[in-house]
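This report goes through selected surface, core and backbone features of one chain. The sequence and structure come first.

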Amino acid sequence: NYENPYSHSFDIAVEQELPYHTAISVGYVGNRAQRLPVFVDTNLLPATTTKGYDVVDSTGKTLSSVTLPWYTQRATYADGNILTGFSSINSWYHSFVVTLKKPLSHDLEVLSNYTLSDATDGGQVSGVNGTFNGTDTPVDPMNLKAENGRSDLNMRSRFTASVVYTPILHSD
């Protein structure tokens, strides 16, 4: 029952001209992706035990503990891992964007942008070894809903700016 993934992107912005040929825009950018692939080892029998892990800081202080199912038995030992693709990962991206721009005039050009965003998904992985290449193995293959959370791709806050100064030589 594998289905092709799809996404919907949407944005809205308002721009206002300011003095000195400058403009500011404020906007929202969003994306909803559905049916992204996940590859699950389907050659596992249900877990018969659990294993605990501690999350520690750089000093060794325990911040939290997690207990997960521990899979020790395979359905068919001769086969090892059998990765099966499912189209069941969904993601959301929301962002608030502020842009300030001043086109080149009086030898100066400015472009700055601030983005505050939040990205969540059910186990999506980016890059060469990502979602579409079968390397996003879930922590608990029998409970894919437990994978929902902040995305690996989430960059909460980002500021970029560029300033170009181009003095124009005037001949007198």
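Val55 counts as partly exposed, because its relative accessibility is 39%, a value between the 20% and 50% limits of that class. The residue lies in strand E3 of what is a predicted model. Together with Tyr53, Leu63, Val66 and Trp70, Val55 makes up a nonpolar patch on the surface, and the five have about 430 Å² of accessible area together. Two elements give two or more residues to this patch: strand E3 (49-56) and strand E4 (62-70). E4 supplies the largest share, three residues.

The two strands behind the patch are also paired with each other. E3 and E4 run in the antiparallel sense and are joined over eight bridges. Val56 is placed opposite Thr62 of E4. The hairpin has five residues between the strands, and Gly60 has a positive phi near 95 degrees there.

In soluble globular proteins, nonpolar side chains tend to be buried together. Here the largest nonpolar core consists of five residues, namely Ala33, Leu36, Val38, Val40 and Ile89. Strand E2 (residues 22-41) contributes four residues to this core, the largest share.

Another buried residue is Ala119, which is classed so because its relative accessible area is 8%, under the 20% cut-off. Ala119 belongs to strand E6 (residues 108-121). Its C-alpha is 7.3 Å from that of Ser91, while the two residues are 28 apart in sequence.

Most residues other than glycine have a negative phi. Which residues other than glycine take positive values near 65 and near 50 degrees? They are Arg35 and His106, set out below.

| Residue | Phi | Place | Relative accessibility |
|---|---|---|---|
| Arg35 | near 65 degrees | strand E2 | 30%, partly exposed |
| His106 | near 50 degrees | loop between strand E5 (83-105) and E6 | 71%, exposed |

Arg35 is thus located within a strand, whereas His106 sits in a loop. His106 is exposed because its relative accessibility of 71% is over the 50% limit. Arg35, at 30%, is partly exposed.

As to confidence, the chain has an average pLDDT of 87, and 90% of its residues score at least 70. Among the elements of the chain, strand E1 (residues 6-18) has the highest mean pLDDT, 96, and strand E7 (residues 149-150) the lowest, 88.

Technical notes. Residues are numbered from 1 along each chain as its sequence is written. This is a predicted model: local features need pLDDT of at least 70, side-chain atom pairs count only at pLDDT 80 or more; totals for chains, interfaces and linings use all residues. Side-chain values use heavy atoms; hydrogens and water are left out. Patches are made of residues with over 30% relative accessible area and no salt bridge: like charges are joined within 9 Å, nonpolar side chains (Val, Leu, Ile, Met, Phe, Trp, Tyr) within 5 Å. Accessible areas come from the Shrake-Rupley method with a 1.4 Å probe; for residues, only the protein chains shown count as cover. A salt bridge is a side-chain nitrogen of Lys or Arg within 4 Å of a carboxyl oxygen of Asp or Glu. Buried means under 20% relative accessible area, exposed over 50%, partly exposed in between (1.4 Å probe, protein chains only). A nonpolar core is a set of buried Ala, Val, Leu, Ile, Met, Phe, Trp, Tyr and Cys residues joined through side-chain atoms within 4.5 Å. Two strands pair if DSSP finds at least two bridges between them. pLDDT is the predictor's confidence in each residue, from 0 to 100.
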